[in-house]
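Dear colleague,

I am passing on the structure that we spoke of, and I would be glad if you could read the notes below with the model open beside them.

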Amino acid sequence: MTTAQQVKTLTHFIGGEMIEGKSGRYGSVYNPTTGDVIAKVPLATVEETREAIVKAQAAFPKWRDTSVAKRAEVVLKFRNLVTDNMEELLQIICTESGKTIDDARGEITRGLESVDLAIGAPHLVKGEYSVNVGGQINAYSAKYPLGVVAAISPFNFPIMVPLAQTSMAIAVGNAVVLKASERVPMTALYVSELWKKAGLPDGIWTVVNGDKDAVNELLENPIVQAISFVGSTPVAKYIYETGSKYGKRVTALGGGKNNMVVMPDADLEQVANAFIGAAYGAASQRCMAISTIMPVGEETADRLVAILKEKIAALKVGSYTEKDTDFGPVISQQSKEAILAAINKGEAEGATVVCDGRELAIVNESKGFFVGPTLLDHVTPGMEIYEQEVFGPARNVVRVDSLEEAIQLINEHELGNGVTIFTNDGLAARKFTTEIDVGMVGVNVPIPIPVGYHNFAGFKGSRFGEGHMFGPDQARFFTKTKTISERWVTNTETASTFAFPSNN
Ligand code: NAD
(Lines give C-alpha, C1' and ligand atoms only; values in the text may rest on other atoms or scores of the structure.)
Protein backbone atom coordinates (compact mmCIF):
# COMPACT_ATOMS: atom_id res chain seq x y z
CA MET A 1 0.00 0.00 0.00
CA THR A 2 1.35 3.41 -0.94
CA THR A 3 1.52 5.81 2.00
CA ALA A 4 0.46 9.43 1.73
CA GLN A 5 4.13 10.49 1.95
CA GLN A 6 4.98 8.54 -1.20
CA VAL A 7 2.36 10.31 -3.29
CA LYS A 8 4.25 13.07 -5.09
CA THR A 9 2.59 16.37 -5.90
CA LEU A 10 3.45 17.26 -9.46
CA THR A 11 3.75 20.68 -11.07
CA HIS A 12 3.37 22.44 -14.41
CA PHE A 13 6.42 23.51 -16.46
CA ILE A 14 6.00 27.16 -17.32
CA GLY A 15 8.62 29.77 -18.26
CA GLY A 16 11.38 27.20 -17.88
CA GLU A 17 10.46 26.28 -14.30
CA MET A 18 8.46 23.68 -12.43
CA ILE A 19 5.52 25.73 -11.15
CA GLU A 20 3.11 24.55 -8.46
CA GLY A 21 -0.56 24.36 -9.37
CA LYS A 22 -2.75 27.07 -7.87
CA SER A 23 -6.20 25.68 -8.61
CA GLY A 24 -6.46 23.38 -5.61
CA ARG A 25 -7.82 20.76 -8.01
CA TYR A 26 -5.78 17.59 -8.55
CA GLY A 27 -6.09 14.40 -10.57
CA SER A 28 -4.75 11.06 -9.36
CA VAL A 29 -1.90 9.41 -11.27
CA TYR A 30 -1.90 5.64 -10.83
CA ASN A 31 0.62 2.89 -11.20
CA PRO A 32 -1.74 0.66 -13.24
CA THR A 33 0.31 -2.43 -12.38
CA THR A 34 -0.30 -2.10 -8.63
CA GLY A 35 -3.45 0.00 -8.64
CA ASP A 36 -1.78 2.49 -6.27
CA VAL A 37 -1.99 6.26 -6.55
CA ILE A 38 1.58 7.46 -7.08
CA ALA A 39 1.14 11.17 -7.69
CA LYS A 40 -1.27 14.07 -7.64
CA VAL A 41 -1.33 16.14 -10.82
CA PRO A 42 -2.49 19.74 -10.66
CA LEU A 43 -5.39 20.61 -12.96
CA ALA A 44 -4.80 24.11 -14.28
CA THR A 45 -7.37 26.85 -14.19
CA VAL A 46 -8.21 28.98 -17.20
CA GLU A 47 -6.09 31.78 -15.67
CA GLU A 48 -3.04 29.56 -15.13
CA THR A 49 -3.28 28.32 -18.70
CA ARG A 50 -3.60 31.89 -19.95
CA GLU A 51 -0.50 32.93 -18.01
CA ALA A 52 1.45 30.05 -19.55
CA ILE A 53 0.31 31.08 -23.04
CA VAL A 54 1.37 34.68 -22.42
CA LYS A 55 4.84 33.55 -21.25
CA ALA A 56 5.18 31.42 -24.38
CA GLN A 57 4.19 34.40 -26.52
CA ALA A 58 6.86 36.56 -24.87
CA ALA A 59 9.53 33.95 -25.58
CA PHE A 60 8.52 33.39 -29.21
CA PRO A 61 10.12 36.34 -31.13
CA LYS A 62 13.67 35.58 -29.99
CA TRP A 63 13.31 31.89 -30.87
CA ARG A 64 11.76 32.77 -34.23
CA ASP A 65 14.76 34.98 -34.98
CA THR A 66 17.28 32.34 -33.91
CA SER A 67 18.94 30.76 -36.94
CA VAL A 68 17.45 27.47 -38.13
CA ALA A 69 20.87 25.87 -37.70
CA LYS A 70 21.05 26.94 -34.04
CA ARG A 71 17.53 25.66 -33.43
CA ALA A 72 18.42 22.34 -35.02
CA GLU A 73 21.48 22.13 -32.75
CA VAL A 74 19.27 22.44 -29.64
CA VAL A 75 16.96 19.71 -30.96
CA LEU A 76 20.00 17.48 -31.59
CA LYS A 77 21.19 18.04 -28.00
CA PHE A 78 17.72 17.14 -26.76
CA ARG A 79 17.82 13.96 -28.84
CA ASN A 80 21.11 12.94 -27.25
CA LEU A 81 19.75 13.64 -23.77
CA VAL A 82 16.77 11.36 -24.44
CA THR A 83 19.07 8.48 -25.35
CA ASP A 84 21.46 9.26 -22.44
CA ASN A 85 18.54 9.13 -20.00
CA MET A 86 16.75 6.18 -21.60
CA GLU A 87 16.73 4.00 -18.46
CA GLU A 88 15.17 6.66 -16.27
CA LEU A 89 12.59 7.45 -18.94
CA LEU A 90 11.71 3.77 -19.24
CA GLN A 91 11.05 3.56 -15.51
CA ILE A 92 8.80 6.62 -15.56
CA ILE A 93 6.83 5.50 -18.62
CA CYS A 94 6.35 1.95 -17.36
CA THR A 95 5.39 3.05 -13.86
CA GLU A 96 2.66 5.42 -14.98
CA SER A 97 1.41 3.54 -18.05
CA GLY A 98 1.98 -0.13 -17.16
CA LYS A 99 3.53 -0.96 -20.53
CA THR A 100 6.40 -3.42 -20.73
CA ILE A 101 10.01 -2.22 -20.84
CA ASP A 102 10.50 -3.47 -24.42
CA ASP A 103 7.31 -1.78 -25.55
CA ALA A 104 8.31 1.50 -23.87
CA ARG A 105 11.76 1.28 -25.44
CA GLY A 106 10.11 0.83 -28.85
CA GLU A 107 7.91 3.86 -28.15
CA ILE A 108 10.92 6.05 -27.31
CA THR A 109 12.74 4.86 -30.43
CA ARG A 110 9.75 5.69 -32.63
CA GLY A 111 9.43 9.08 -30.95
CA LEU A 112 13.07 9.80 -31.71
CA GLU A 113 12.37 9.36 -35.42
CA SER A 114 10.26 12.53 -35.20
CA VAL A 115 13.08 14.31 -33.39
CA ASP A 116 15.51 13.16 -36.11
CA LEU A 117 13.25 14.58 -38.78
CA ALA A 118 13.01 17.85 -36.86
CA ILE A 119 16.81 18.12 -36.74
CA GLY A 120 16.54 18.25 -40.53
CA ALA A 121 14.03 21.12 -40.36
CA PRO A 122 16.36 23.57 -42.18
CA HIS A 123 15.93 21.41 -45.26
CA LEU A 124 12.14 21.10 -44.87
CA VAL A 125 11.49 24.82 -44.48
CA LYS A 126 13.53 25.91 -47.46
CA GLY A 127 11.40 28.18 -49.59
CA GLU A 128 11.08 28.70 -53.34
CA TYR A 129 12.57 31.47 -55.45
CA SER A 130 11.87 32.65 -59.02
CA VAL A 131 13.79 35.36 -60.80
CA ASN A 132 12.26 37.84 -63.20
CA VAL A 133 8.60 36.83 -62.84
CA GLY A 134 7.71 40.27 -64.20
CA GLY A 135 9.71 43.33 -65.20
CA GLN A 136 12.79 42.96 -62.95
CA ILE A 137 10.67 41.42 -60.24
CA ASN A 138 11.81 38.38 -58.28
CA ALA A 139 9.32 36.35 -56.25
CA TYR A 140 9.94 34.05 -53.35
CA SER A 141 7.92 32.01 -50.90
CA ALA A 142 9.26 31.57 -47.40
CA LYS A 143 8.00 29.62 -44.41
CA TYR A 144 7.58 31.44 -41.10
CA PRO A 145 6.67 29.93 -37.71
CA LEU A 146 3.12 30.48 -36.51
CA GLY A 147 3.84 31.70 -32.97
CA VAL A 148 2.35 29.90 -29.96
CA VAL A 149 1.00 26.47 -30.87
CA ALA A 150 -0.59 23.83 -28.65
CA ALA A 151 -0.43 20.07 -28.46
CA ILE A 152 -2.95 17.97 -26.54
CA SER A 153 -1.90 14.38 -26.08
CA PRO A 154 -3.41 11.00 -25.07
CA PHE A 155 -2.26 8.62 -22.33
CA ASN A 156 -1.28 5.66 -24.45
CA PHE A 157 2.04 6.96 -25.78
CA PRO A 158 3.39 9.16 -22.96
CA ILE A 159 6.47 10.17 -24.96
CA MET A 160 6.13 9.14 -28.62
CA VAL A 161 3.01 11.17 -29.40
CA PRO A 162 4.13 14.38 -27.62
CA LEU A 163 7.50 14.16 -29.41
CA ALA A 164 5.75 13.63 -32.74
CA GLN A 165 3.42 16.56 -32.08
CA THR A 166 6.03 19.04 -30.89
CA SER A 167 9.60 18.41 -32.14
CA MET A 168 9.06 19.88 -35.59
CA ALA A 169 6.96 22.73 -34.18
CA ILE A 170 9.91 23.74 -32.00
CA ALA A 171 12.53 23.22 -34.69
CA VAL A 172 10.73 25.50 -37.15
CA GLY A 173 10.59 28.29 -34.58
CA ASN A 174 7.31 28.08 -32.64
CA ALA A 175 6.68 28.19 -28.89
CA VAL A 176 4.83 25.04 -27.83
CA VAL A 177 2.33 24.54 -25.01
CA LEU A 178 1.71 20.87 -24.31
CA LYS A 179 -1.39 19.78 -22.41
CA ALA A 180 -0.13 16.33 -21.48
CA SER A 181 -2.51 13.52 -20.58
CA GLU A 182 -3.39 13.92 -16.93
CA ARG A 183 -3.02 10.15 -16.60
CA VAL A 184 0.70 10.10 -17.60
CA PRO A 185 2.05 13.58 -16.75
CA MET A 186 5.35 12.48 -15.20
CA THR A 187 6.91 11.64 -18.56
CA ALA A 188 6.08 15.08 -19.97
CA LEU A 189 7.59 16.79 -16.93
CA TYR A 190 10.77 14.75 -17.24
CA VAL A 191 10.97 15.62 -20.95
CA SER A 192 10.71 19.29 -19.89
CA GLU A 193 13.90 18.92 -17.87
CA LEU A 194 15.67 17.48 -20.91
CA TRP A 195 14.61 20.39 -23.14
CA LYS A 196 15.92 22.81 -20.52
CA LYS A 197 19.25 20.96 -20.31
CA ALA A 198 19.47 20.98 -24.11
CA GLY A 199 19.48 24.78 -24.00
CA LEU A 200 15.95 25.48 -25.25
CA PRO A 201 15.08 29.03 -24.13
CA ASP A 202 12.55 29.32 -21.30
CA GLY A 203 8.98 29.63 -22.55
CA ILE A 204 9.50 27.72 -25.81
CA TRP A 205 8.45 24.42 -24.22
CA THR A 206 5.60 24.57 -21.70
CA VAL A 207 3.64 21.81 -20.01
CA VAL A 208 0.27 22.76 -18.61
CA ASN A 209 -1.28 19.88 -16.75
CA GLY A 210 -5.02 19.82 -16.64
CA ASP A 211 -8.34 18.78 -18.03
CA LYS A 212 -11.17 20.42 -19.93
CA ASP A 213 -10.55 23.90 -18.45
CA ALA A 214 -6.96 24.01 -19.72
CA VAL A 215 -7.94 22.54 -23.10
CA ASN A 216 -10.77 25.03 -23.60
CA GLU A 217 -8.45 27.95 -22.88
CA LEU A 218 -5.99 26.63 -25.48
CA LEU A 219 -8.84 26.33 -27.98
CA GLU A 220 -10.24 29.79 -27.34
CA ASN A 221 -7.21 31.97 -26.58
CA PRO A 222 -6.46 34.16 -29.63
CA ILE A 223 -2.69 33.95 -29.02
CA VAL A 224 -2.71 30.21 -29.82
CA GLN A 225 -2.35 29.75 -33.57
CA ALA A 226 -2.60 26.00 -34.06
CA ILE A 227 -3.77 22.90 -32.24
CA SER A 228 -2.37 19.42 -32.69
CA PHE A 229 -4.65 16.94 -30.91
CA VAL A 230 -4.36 13.17 -30.56
CA GLY A 231 -6.95 11.20 -28.61
CA SER A 232 -10.38 9.60 -28.86
CA THR A 233 -12.79 10.37 -31.69
CA PRO A 234 -15.52 12.24 -29.75
CA VAL A 235 -12.94 14.56 -28.18
CA ALA A 236 -11.08 14.95 -31.52
CA LYS A 237 -14.32 16.09 -33.15
CA TYR A 238 -14.99 18.57 -30.35
CA ILE A 239 -11.42 19.92 -30.56
CA TYR A 240 -11.63 20.33 -34.32
CA GLU A 241 -15.01 22.07 -34.26
CA THR A 242 -14.14 24.38 -31.35
CA GLY A 243 -10.59 25.20 -32.49
CA SER A 244 -11.82 25.95 -36.03
CA LYS A 245 -14.58 28.16 -34.66
CA TYR A 246 -11.90 30.21 -32.91
CA GLY A 247 -9.94 30.57 -36.16
CA LYS A 248 -7.14 28.10 -35.48
CA ARG A 249 -5.39 25.63 -37.68
CA VAL A 250 -6.40 22.24 -36.23
CA THR A 251 -5.39 18.66 -36.77
CA ALA A 252 -7.25 16.25 -34.52
CA LEU A 253 -6.43 12.56 -34.73
CA GLY A 254 -9.05 10.23 -33.27
CA GLY A 255 -9.51 6.56 -32.47
CA GLY A 256 -9.22 3.46 -34.59
CA LYS A 257 -10.96 0.18 -35.27
CA ASN A 258 -8.36 -1.57 -37.32
CA ASN A 259 -8.87 -4.72 -39.35
CA MET A 260 -6.59 -7.52 -40.51
CA VAL A 261 -8.01 -9.21 -43.62
CA VAL A 262 -6.80 -12.76 -44.17
CA MET A 263 -7.07 -14.28 -47.64
CA PRO A 264 -7.35 -18.09 -47.97
CA ASP A 265 -3.88 -18.28 -49.57
CA ALA A 266 -2.10 -16.60 -46.61
CA ASP A 267 0.28 -18.52 -44.34
CA LEU A 268 -1.96 -18.79 -41.27
CA GLU A 269 0.86 -19.45 -38.83
CA GLN A 270 2.51 -16.20 -39.94
CA VAL A 271 -0.86 -14.41 -39.75
CA ALA A 272 -1.53 -15.67 -36.22
CA ASN A 273 1.88 -14.50 -34.98
CA ALA A 274 1.35 -11.10 -36.58
CA PHE A 275 -2.14 -10.78 -35.12
CA ILE A 276 -1.17 -11.70 -31.56
CA GLY A 277 1.45 -8.95 -31.31
CA ALA A 278 -0.51 -6.31 -33.22
CA ALA A 279 -3.78 -7.07 -31.44
CA TYR A 280 -2.70 -7.53 -27.81
CA GLY A 281 0.62 -5.61 -27.56
CA ALA A 282 0.42 -2.77 -25.01
CA ALA A 283 -2.83 -4.36 -23.72
CA SER A 284 -4.35 -3.32 -27.07
CA GLN A 285 -4.05 0.34 -26.09
CA ARG A 286 -2.69 1.53 -29.41
CA CYS A 287 -4.63 3.58 -31.92
CA MET A 288 -3.20 1.21 -34.54
CA ALA A 289 -3.90 -2.01 -32.62
CA ILE A 290 -5.65 -4.63 -34.73
CA SER A 291 -9.09 -5.03 -33.17
CA THR A 292 -10.72 -7.26 -35.76
CA ILE A 293 -9.42 -10.15 -37.79
CA MET A 294 -11.44 -10.87 -40.97
CA PRO A 295 -10.74 -14.28 -42.42
CA VAL A 296 -12.14 -14.78 -45.92
CA GLY A 297 -14.11 -18.04 -46.13
CA GLU A 298 -15.34 -20.37 -43.38
CA GLU A 299 -12.48 -22.81 -43.81
CA THR A 300 -9.84 -20.07 -43.37
CA ALA A 301 -11.76 -18.83 -40.33
CA ASP A 302 -12.00 -22.24 -38.65
CA ARG A 303 -8.31 -23.00 -39.16
CA LEU A 304 -7.23 -19.55 -38.02
CA VAL A 305 -9.38 -19.49 -34.87
CA ALA A 306 -7.96 -22.89 -33.83
CA ILE A 307 -4.38 -21.58 -34.14
CA LEU A 308 -5.20 -18.30 -32.39
CA LYS A 309 -6.89 -20.09 -29.49
CA GLU A 310 -3.72 -21.98 -28.70
CA LYS A 311 -1.42 -18.97 -29.04
CA ILE A 312 -3.62 -16.65 -26.99
CA ALA A 313 -3.80 -19.20 -24.16
CA ALA A 314 0.01 -19.02 -23.91
CA LEU A 315 0.18 -15.23 -23.48
CA LYS A 316 1.54 -13.91 -20.20
CA VAL A 317 -0.24 -10.95 -18.66
CA GLY A 318 1.61 -9.30 -15.80
CA SER A 319 3.91 -6.64 -14.48
CA TYR A 320 6.54 -4.85 -16.57
CA THR A 321 9.01 -5.82 -13.86
CA GLU A 322 8.79 -9.47 -14.96
CA LYS A 323 10.88 -10.30 -18.01
CA ASP A 324 8.51 -12.66 -19.80
CA THR A 325 5.41 -10.44 -19.62
CA ASP A 326 3.72 -10.05 -23.01
CA PHE A 327 1.50 -7.21 -21.94
CA GLY A 328 0.55 -5.36 -18.78
CA PRO A 329 -2.55 -3.70 -17.34
CA VAL A 330 -4.87 -1.17 -18.94
CA ILE A 331 -4.61 2.42 -17.78
CA SER A 332 -7.35 2.62 -15.13
CA GLN A 333 -9.98 0.74 -13.15
CA GLN A 334 -12.62 2.61 -15.13
CA SER A 335 -11.07 1.44 -18.39
CA LYS A 336 -10.89 -2.15 -17.10
CA GLU A 337 -14.58 -2.07 -16.20
CA ALA A 338 -15.51 -0.65 -19.62
CA ILE A 339 -13.61 -3.44 -21.39
CA LEU A 340 -15.16 -6.18 -19.26
CA ALA A 341 -18.59 -4.66 -19.91
CA ALA A 342 -17.90 -4.64 -23.67
CA ILE A 343 -17.04 -8.36 -23.56
CA ASN A 344 -20.23 -9.13 -21.60
CA LYS A 345 -22.26 -7.12 -24.10
CA GLY A 346 -20.62 -8.86 -27.08
CA GLU A 347 -21.47 -12.25 -25.60
CA ALA A 348 -25.04 -11.13 -24.88
CA GLU A 349 -25.37 -9.91 -28.46
CA GLY A 350 -24.45 -13.36 -29.81
CA ALA A 351 -20.65 -13.46 -30.20
CA THR A 352 -18.84 -16.66 -29.15
CA VAL A 353 -16.14 -16.21 -26.50
CA VAL A 354 -13.20 -18.28 -27.78
CA CYS A 355 -10.64 -17.01 -25.25
CA ASP A 356 -11.97 -15.46 -22.06
CA GLY A 357 -9.76 -12.81 -20.51
CA ARG A 358 -12.28 -12.29 -17.73
CA GLU A 359 -11.28 -15.57 -16.13
CA LEU A 360 -7.57 -15.02 -15.49
CA ALA A 361 -6.54 -15.10 -11.83
CA ILE A 362 -4.67 -11.80 -12.18
CA VAL A 363 -7.84 -10.10 -13.43
CA ASN A 364 -9.80 -11.08 -10.35
CA GLU A 365 -7.13 -11.12 -7.66
CA SER A 366 -4.73 -8.24 -8.41
CA LYS A 367 -5.35 -4.62 -7.48
CA GLY A 368 -3.74 -3.70 -10.81
CA PHE A 369 -5.95 -2.95 -13.80
CA PHE A 370 -5.47 -6.23 -15.67
CA VAL A 371 -7.70 -7.70 -18.38
CA GLY A 372 -6.75 -10.99 -20.01
CA PRO A 373 -6.57 -11.54 -23.77
CA THR A 374 -10.06 -12.13 -25.10
CA LEU A 375 -11.18 -13.30 -28.54
CA LEU A 376 -14.79 -13.14 -29.66
CA ASP A 377 -15.79 -15.09 -32.77
CA HIS A 378 -18.87 -14.64 -34.99
CA VAL A 379 -18.91 -10.91 -34.33
CA THR A 380 -21.11 -9.07 -36.83
CA PRO A 381 -21.72 -5.44 -37.81
CA GLY A 382 -24.25 -3.79 -35.54
CA MET A 383 -22.86 -5.40 -32.37
CA GLU A 384 -21.42 -2.80 -30.03
CA ILE A 385 -18.09 -4.63 -29.85
CA TYR A 386 -17.79 -4.33 -33.64
CA GLU A 387 -18.86 -0.70 -33.93
CA GLN A 388 -17.04 0.87 -30.95
CA GLU A 389 -13.33 1.23 -30.33
CA VAL A 390 -12.64 -1.00 -27.32
CA PHE A 391 -9.35 0.25 -25.87
CA GLY A 392 -8.23 -3.01 -24.29
CA PRO A 393 -7.55 -6.67 -25.07
CA ALA A 394 -10.99 -7.74 -26.33
CA ARG A 395 -10.57 -8.59 -30.03
CA ASN A 396 -13.02 -9.78 -32.69
CA VAL A 397 -13.25 -12.33 -35.46
CA VAL A 398 -15.58 -11.20 -38.25
CA ARG A 399 -16.10 -13.93 -40.85
CA VAL A 400 -16.57 -12.74 -44.45
CA ASP A 401 -17.18 -14.60 -47.71
CA SER A 402 -15.05 -12.52 -50.06
CA LEU A 403 -12.46 -9.78 -50.34
CA GLU A 404 -15.20 -7.52 -51.73
CA GLU A 405 -17.28 -8.03 -48.58
CA ALA A 406 -14.26 -7.24 -46.37
CA ILE A 407 -13.57 -4.02 -48.29
CA GLN A 408 -17.22 -2.98 -48.11
CA LEU A 409 -17.48 -3.57 -44.34
CA ILE A 410 -14.26 -1.71 -43.62
CA ASN A 411 -15.23 1.21 -45.85
CA GLU A 412 -18.65 1.48 -44.21
CA HIS A 413 -17.18 1.75 -40.70
CA GLU A 414 -17.05 5.20 -39.13
CA LEU A 415 -13.33 4.89 -38.31
CA GLY A 416 -10.49 4.54 -40.81
CA ASN A 417 -7.15 4.63 -39.03
CA GLY A 418 -5.26 1.48 -40.08
CA VAL A 419 -5.83 -1.77 -41.92
CA THR A 420 -3.76 -4.66 -43.19
CA ILE A 421 -4.16 -7.62 -45.53
CA PHE A 422 -2.31 -10.94 -45.54
CA THR A 423 -2.16 -12.66 -48.93
CA ASN A 424 0.23 -14.10 -51.49
CA ASP A 425 -1.89 -12.77 -54.33
CA GLY A 426 -0.52 -9.48 -55.72
CA LEU A 427 -3.76 -8.68 -57.53
CA ALA A 428 -5.82 -9.07 -54.34
CA ALA A 429 -3.36 -6.82 -52.50
CA ARG A 430 -3.53 -4.24 -55.28
CA LYS A 431 -7.33 -4.23 -55.30
CA PHE A 432 -7.29 -3.86 -51.50
CA THR A 433 -4.80 -0.98 -51.35
CA THR A 434 -6.65 0.81 -54.17
CA GLU A 435 -10.20 0.49 -52.91
CA ILE A 436 -9.81 0.67 -49.15
CA ASP A 437 -10.79 3.99 -47.52
CA VAL A 438 -8.32 3.96 -44.63
CA GLY A 439 -5.32 6.21 -43.94
CA MET A 440 -2.61 3.64 -43.18
CA VAL A 441 -2.61 0.43 -45.16
CA GLY A 442 -0.42 -2.65 -44.73
CA VAL A 443 0.27 -5.65 -46.93
CA ASN A 444 1.66 -8.66 -45.06
CA VAL A 445 2.70 -6.48 -42.10
CA PRO A 446 1.11 -6.70 -38.63
CA ILE A 447 0.49 -2.98 -38.05
CA PRO A 448 0.98 -0.50 -40.87
CA ILE A 449 2.86 2.12 -38.84
CA PRO A 450 5.16 3.98 -41.18
CA VAL A 451 8.51 5.41 -40.06
CA GLY A 452 8.70 8.89 -38.54
CA TYR A 453 9.63 10.56 -41.82
CA HIS A 454 6.35 9.54 -43.50
CA ASN A 455 3.10 11.38 -42.82
CA PHE A 456 0.74 9.52 -40.51
CA ALA A 457 -3.03 9.96 -40.06
CA GLY A 458 -6.28 8.08 -40.53
CA PHE A 459 -9.35 8.91 -42.58
CA LYS A 460 -13.03 9.44 -41.73
CA GLY A 461 -13.72 9.63 -37.96
CA SER A 462 -10.05 8.87 -37.22
CA ARG A 463 -8.94 12.36 -38.23
CA PHE A 464 -10.49 15.80 -38.36
CA GLY A 465 -8.59 18.50 -40.25
CA GLU A 466 -5.93 18.34 -42.93
CA GLY A 467 -2.72 17.61 -41.12
CA HIS A 468 -0.58 14.68 -40.09
CA MET A 469 1.39 13.48 -37.12
CA PHE A 470 5.01 12.51 -37.91
CA GLY A 471 6.42 13.19 -41.34
CA PRO A 472 7.29 16.25 -43.42
CA ASP A 473 3.72 17.54 -43.30
CA GLN A 474 4.50 18.72 -39.76
CA ALA A 475 6.82 21.35 -41.25
CA ARG A 476 3.93 22.64 -43.37
CA PHE A 477 1.39 22.49 -40.53
CA PHE A 478 3.53 24.49 -38.12
CA THR A 479 4.56 27.23 -40.58
CA LYS A 480 2.81 29.82 -42.71
CA THR A 481 3.97 30.57 -46.20
CA LYS A 482 4.55 34.18 -47.13
CA THR A 483 5.09 35.01 -50.79
CA ILE A 484 7.11 38.13 -51.50
CA SER A 485 7.47 39.98 -54.83
CA GLU A 486 10.49 42.24 -54.90
CA ARG A 487 11.88 44.77 -57.34
CA TRP A 488 14.93 46.93 -56.99
CA VAL A 489 15.43 49.36 -59.88
CA THR A 490 17.62 52.38 -60.44
CA ASN A 491 14.98 54.20 -62.44
CA THR A 492 11.96 54.57 -60.16
CA GLU A 493 9.82 56.23 -62.79
CA THR A 494 6.68 54.14 -63.15
CA ALA A 495 3.23 54.91 -64.39
CA SER A 496 0.06 53.78 -62.65
CA THR A 497 -1.57 50.76 -64.20
CA PHE A 498 -5.20 49.95 -63.75
CA ALA A 499 -5.38 46.59 -65.46
CA PHE A 500 -4.68 43.49 -63.39
CA PRO A 501 -0.87 43.08 -63.49
CA SER A 502 0.28 40.59 -66.11
CA ASN A 503 3.66 38.97 -66.10
CA ASN A 504 5.22 40.44 -69.23
P1 NAD B 1 -8.90 11.13 -24.68
O2 NAD B 1 -9.62 11.63 -25.87
O3 NAD B 1 -9.70 10.74 -23.49
O4 NAD B 1 -7.88 12.25 -24.13
C5 NAD B 1 -6.94 12.86 -24.99
C6 NAD B 1 -6.62 14.26 -24.44
O7 NAD B 1 -7.81 15.05 -24.47
C8 NAD B 1 -6.14 14.25 -22.99
O9 NAD B 1 -5.08 15.16 -22.86
C10 NAD B 1 -7.36 14.67 -22.20
O11 NAD B 1 -7.06 15.37 -21.04
C12 NAD B 1 -8.12 15.55 -23.18
N13 NAD B 1 -9.57 15.47 -23.00
C14 NAD B 1 -10.30 14.37 -22.69
N15 NAD B 1 -11.60 14.66 -22.64
C16 NAD B 1 -11.71 15.97 -22.94
C17 NAD B 1 -12.81 16.87 -23.05
N18 NAD B 1 -14.04 16.46 -22.86
N19 NAD B 1 -12.55 18.15 -23.38
C20 NAD B 1 -11.30 18.58 -23.58
N21 NAD B 1 -10.21 17.77 -23.48
C22 NAD B 1 -10.42 16.50 -23.16
O23 NAD B 1 -7.95 9.95 -25.16
P24 NAD B 1 -7.09 8.96 -24.28
O25 NAD B 1 -8.00 8.02 -23.56
O26 NAD B 1 -6.10 9.71 -23.47
O27 NAD B 1 -6.26 8.17 -25.41
C28 NAD B 1 -6.75 7.06 -26.09
C29 NAD B 1 -7.42 7.45 -27.38
O30 NAD B 1 -6.50 8.12 -28.22
C31 NAD B 1 -7.87 6.23 -28.18
O32 NAD B 1 -9.13 6.51 -28.74
C33 NAD B 1 -6.81 6.08 -29.24
O34 NAD B 1 -7.23 5.41 -30.40
C35 NAD B 1 -6.50 7.52 -29.53
N36 NAD B 1 -5.19 7.68 -30.16
C37 NAD B 1 -5.16 7.99 -31.49
C38 NAD B 1 -3.94 8.10 -32.15
C39 NAD B 1 -3.89 8.40 -33.63
O40 NAD B 1 -2.80 8.53 -34.16
N41 NAD B 1 -5.01 8.49 -34.31
C42 NAD B 1 -2.75 7.91 -31.44
C43 NAD B 1 -2.82 7.61 -30.07
C44 NAD B 1 -4.05 7.50 -29.45
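What follows is a short account of one sheet and of the core.

This is a predicted model, in which local features need pLDDT of at least 70 and side-chain atom pairs count only at pLDDT 80 or more, while totals for chains, interfaces and linings use all residues. Residues are numbered from 1 along each chain as its sequence is written.

The sheet is open and has seven strands in the order S15-S16-S17-S14-S13-S19-S20, with mixed pairing; strands (E, at least two residues) and helices (H or I, at least four residues) are DSSP runs numbered from the N terminus, and two strands pair if DSSP finds at least two bridges between them. Strands S15 (352-355) and S20 (440-443) stand at the edges with a single partner strand each, so one side of each is left without a neighbour in the sheet. From one strand to the next the twist averages 20°, with axes taken as lines fitted to C-alpha atoms, for helices over the stretch in contact, and angles running from 0 to 180 degrees between N-to-C directions. Helix H11 (residues 298-313) packs on this sheet, where it touches S13, S14, S15, S16 and S17, and its direction makes about 50° with that of S15; contact here requires C-beta atoms, placed from the backbone, within 7 Å.

Strand S13 (residues 258-262) has five of its five residues buried, so it is largely enclosed by the rest of the structure; a residue is buried if 20 or more other C-beta atoms, placed from the backbone, lie within 10 Å of its own. Asn258, Met260 and Val262 cover one side, and Asn259 and Val261 the other. S13 runs parallel to S14 (residues 290-295), to which five bridges join it, and Met260 has Ile293 as its bridge partner there. Between these two strands the chain passes through helix H10 (residues 268-280) in a right-handed β-α-β crossover, that is, one whose path from the first strand over the helix to the second runs clockwise with the strands pointing away from the viewer. S13 also pairs in the parallel sense with S19 (residues 418-422), over four bridges, and Val262 stands opposite Phe422 in S19.

Val262 also belongs to the largest nonpolar core, of 155 residues, where Val176, Val177, Ile227, Val262 and Phe275 touch the most other members; such a core is a set of buried Ala, Val, Leu, Ile, Met, Phe, Trp, Tyr and Cys residues joined through C-beta atoms within 7 Å.

With kind regards

Terms used. A residue is buried if 20 or more other C-beta atoms lie within 10 Å of its own, exposed if 12 or fewer, and partly exposed in between; C-beta atoms are placed from the backbone. Two residues are in contact if their C-beta atoms, placed from the backbone, lie within 7 Å.
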